[in-house]
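Please look over the structure below with an eye to strand pairing, buried residues, backbone angles and internal cavities. The report after it takes these topics in turn.

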Amino acid sequence: MHPALQIQDILLNIFGHFHPQETASDLPALARPCLPTTSTTASDLFTLARTCRTFKEPALDVLWEELLDPSPLARCLPEASHYSQTASRGDDKRYSFTRPPTQVEWGILRNYTRRIRSMHHGRDNLEWESVGNFLNPPATEPLFPNLRHLHASGLLALASETKIKHLLSMPFPSLISLLVGFSHENQDVVRGSLESLFKFSQNLRNLIIYASRPDIKFINFFSSYVCQWGDLNSVDCPGIPFGVEALVHLSRMPALTILSFTPTVTLPPSDSPLLFPNLRYLTLCSKLLDPIFLTLSRIQLPAITHVITQVNSCPSKQGFSSFLTSVRASVIDHTLQELRCTDTFGMQITAIVGMHLEHPRPVLGFEDLQPCMAFTNLRRLVFDFAWDVNLTDSELLVLASAWPHLEQFSIISAYGWNTSDGITPDGLVQLLQTCPSLREVALAIDTRGYTEFRESPASLGSTFPRTLSIHVIDSPIEAESVPAVAALLASIARSPYPSFLAGSSNFRRHRYRNYWFDVHRRANAILSQRSTTVIYSAGNPSGPS
């Protein structure tokens with residue numbers, strides 16, 4: 001054997017390329033081989049582990065690095081300790097313990113559990129009636145001493161109280177990332193389990209909690225619970241309101257770079273805003289926009305790069321103006337790269353039931369977007385709520401001139417601009433030339449009178465990004481404009497990379513759909529002659545039937 005293959009780090013690097021997509025969840029330990037037929041990479045690791053003693057440890061480390069299902073740990077024990085039965089959903093087997101594991105069997109378990117670095121609950125192939133015997137070893141030594149990432153949202157969303165207690169009450173001394181999702185009914189159990197978690201997992205750096213309708217008792221508990229941690233890197237709790245004490249405590253964490261929560265209107269006014277010195281990503285989720293801009297007006301974000309807001313209602317003109325004013329006040333340097341404000345509830349309703357919103361709607365114009373010109377380092381600008389849009393070519397180009405690094409520009413893509421006008425094809429080309437890094441555009445195109453394509457395809461597309469996505473939303477188009485628009489879009493695509501063309505999820509002007517599909521087909525034909533590049537239509541790659 002070559003001396004290099006006796007170095008563990010080299011073997012781990014090599015074996016890491018065999019990392020199975022379905023890891024130990026589908027493989028037994030070496031004690032009881034039972035290889036799956038669907039994971040060839042896992043089979044390779046199993047074979048490597050049995051090849052020689054030098055390969056055994058690093059191969060097993062990679063094989064057991066991630067645990068998606070606890071049943072393999074039952075399968076590595078003698079058959080006398082458990083039994084199996086066919087699950088109701090198919091050929092998978094479910095395992096149950098018939099007795100508590102012996103000390104020798106606990107030693108076998110620890111030989112594998114010490115290798116587990118990440119536990120993502122995917123499938124539940126262990127009967128949880130016997131989980132107490134499995135997850136509570138009699139010794140004080142932790143069963144998962146090196147577990148660093150615990151993802152329990154899939155488990156807790158459907159789990160009984162017994163499952164939650166046994167999992168979150170375990171000691172994880174090396175845990176640095178925790179994701180927990182739970183339903184309204186399990187709040188009391190989760191609250192008690194999180195309290196015990198702090199005692200055994202004090203090295204936590206990333207805390208992610210997805211709560212469904214948290215009650216006031218849990219909200220008060222969690223605000224004080226967050227204050228127990230002193231060195232968190234990320235706190236992602238989009239459905240949980242934080243009190244003043246929690247926000248003050250978080251602002252004092254120098255390592256905090258990611259923060260997501262639900263703001264409240266109960267924050268008292270203060271002469272000195274809270275300073276989050278190193279916060280990069282801020283996500284605020286609220287039913288209304290008012291608590292969001294009130295919170296933003298009371299904090300300062302000198303290092304912020306991403307501000308993402310999600311509301312469940314359509315903002316008013318005054319509310320949106322106040323929101324942009326508060327963003328400008330909180331971002332005290334030119335660091336902002338992404339600004340996003342979306343009505344997620346309205347978008348879901350529109351996409352699912354095709355809701356036609358009542359008119360008149362507020363109109364988004366140049367004066368509404370003008371405050372965003374202060375963010376000169378902007379990469380992504382996304383606004384989506386139930387407003388109409390009125391922008392001209394000249395206004396759009398004035399806006400774009402302030403964002404030389406812009407990569408995504410998406411305005412009211414889910415609801416549509418609801419206008420007979422829009423940005424002209426020439427205006428679209430000028431926009432792409434003004435923002436050479438632009439890779440995704442969502443706007444309405446006014447194709448009226450555009451019946452002749454005047455540019456050379458070779459000279460036009462060469463200046464644009466290699467990947468370019470154009471969403472035409474609810475753009476009107478007539479039959480006489482189809483050939484010219486198709487030639488324009490084909491010229492924009494930079495060979496041999498595709499340019500995507502898509503309609504919005506609320507494409508209400510159905511009489512234009514077939515014309516746009518015809519544009520897709522014609523543009524594809526042009527591109528197929530020039531190269532193998534294809535322009536796809538979102539939701540219908542082949543066009544209408």
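The sections that follow describe a predicted model, beginning with its strands and ending with its cavities.

## Strand E14 and its partners

Strand E14, which covers residues 338-343, has five of its six residues buried, so this strand is largely enclosed by the rest of the structure. One of its pairings is with strand E13 (residues 306-311), where the two run in the parallel sense and are joined over six bridges. Within this pairing, Gln310 stands opposite Thr342 of E14. Between the two strands the chain passes through helix H13 (residues 317-330), and the β-α-β crossover that leads from E13 to E14 is right-handed.

E14 also pairs with strand E16 (residues 380-384), again in the parallel sense, and here the count is five bridges. Thr342 takes part in this pairing as well, with Asp384 as its bridge partner in E16. Thr342 is therefore placed between two strands in the bridge pattern, facing Gln310 and Asp384, while the strand that holds it has five of six residues buried.

## Thr309 in strand E13

Thr309 lies in strand E13, and with a relative accessibility of 0% it counts as buried, because the threshold for that class is under 20%. Leaving aside residues up to four places away in sequence, Thr309 touches Leu284, Ile292, Phe323, Arg340, Cys341 and Thr342. Among these contacts, Arg340, Cys341 and Thr342 fall within the residue range of E14, 338-343, and Phe323 falls within that of helix H13, 317-330.

## Gln408 in strand E18

Gln408 is found in strand E18, which spans residues 408-411. Is Gln408 buried or exposed? Its relative accessible area is 11%, and Gln408 is therefore classed as buried, since that class takes values under 20%.

When residues up to four places away in sequence are not counted, Gln408 touches Arg340, Arg379, Arg380, Leu381, Val382, Leu438 and Glu440. The contact with Glu440 joins positions 32 residues apart along the chain, and the C-alpha atoms of Gln408 and Glu440 are separated by 4.7 Å. Arg340 appears both in this list and among the contacts of Thr309.

## Positive phi at two isoleucines

Most residues other than glycine have a negative phi. Against that background, Ile412 has a positive phi near 50°, and Ile473 has a positive phi near 55°.

Ile412 is placed in the loop between E18 and helix H17 (425-434), whereas Ile473 is found in strand E20, residues 468-473. Ile412 is buried, with a relative accessible area of 0%, and Ile473 likewise counts as buried at 0% relative accessibility.

## Cavities

How many cavities of 30 Å³ or more does a search of the whole structure find? The search returns two, and the second largest cavity holds about 30 Å³ of space.

Which residues line the second largest cavity? The lining consists of Pro425, Ile445, Val485, Leu488, Leu489 and Trp516, which by class gives six nonpolar residues, no polar residues and no charged residues. Helix H19 (residues 482-492) supplies the largest share of this lining, with three residues. Pro425, another lining residue, has the number at which helix H17 (425-434) begins.

Conventions
Residues are numbered from 1 along each chain as its sequence is written. This is a predicted model: local features need pLDDT of at least 70, side-chain atom pairs count only at pLDDT 80 or more; totals for chains, interfaces and linings use all residues. Side-chain values use heavy atoms; hydrogens and water are left out. On a 1 Å grid over the protein atoms alone, a cavity is a set of points where a 1.4 Å probe fits but cannot get out, and a pocket is an open set with protein on both sides within 12 Å along at least five of seven lines; lining residues have an atom within 4 Å of a point. Grid points are joined across faces, edges and corners, and a volume is the space filled by probe spheres set on the points. Helices (H or I, at least four residues) and strands (E, at least two) are DSSP runs, numbered from the N terminus. Ala, Val, Leu, Ile, Met, Phe, Trp, Tyr, Cys and Pro count as nonpolar, Asp, Glu, Lys and Arg as charged, and the others, Gly among them, as polar. Buried means under 20% relative accessible area, exposed over 50%, partly exposed in between (1.4 Å probe, protein chains only). Contact means heavy atoms within 4.5 Å. Two strands pair if DSSP finds at least two bridges between them. A crossover is right-handed if, with the strands pointing away from the viewer, the path from the first strand over the helix to the second runs clockwise.
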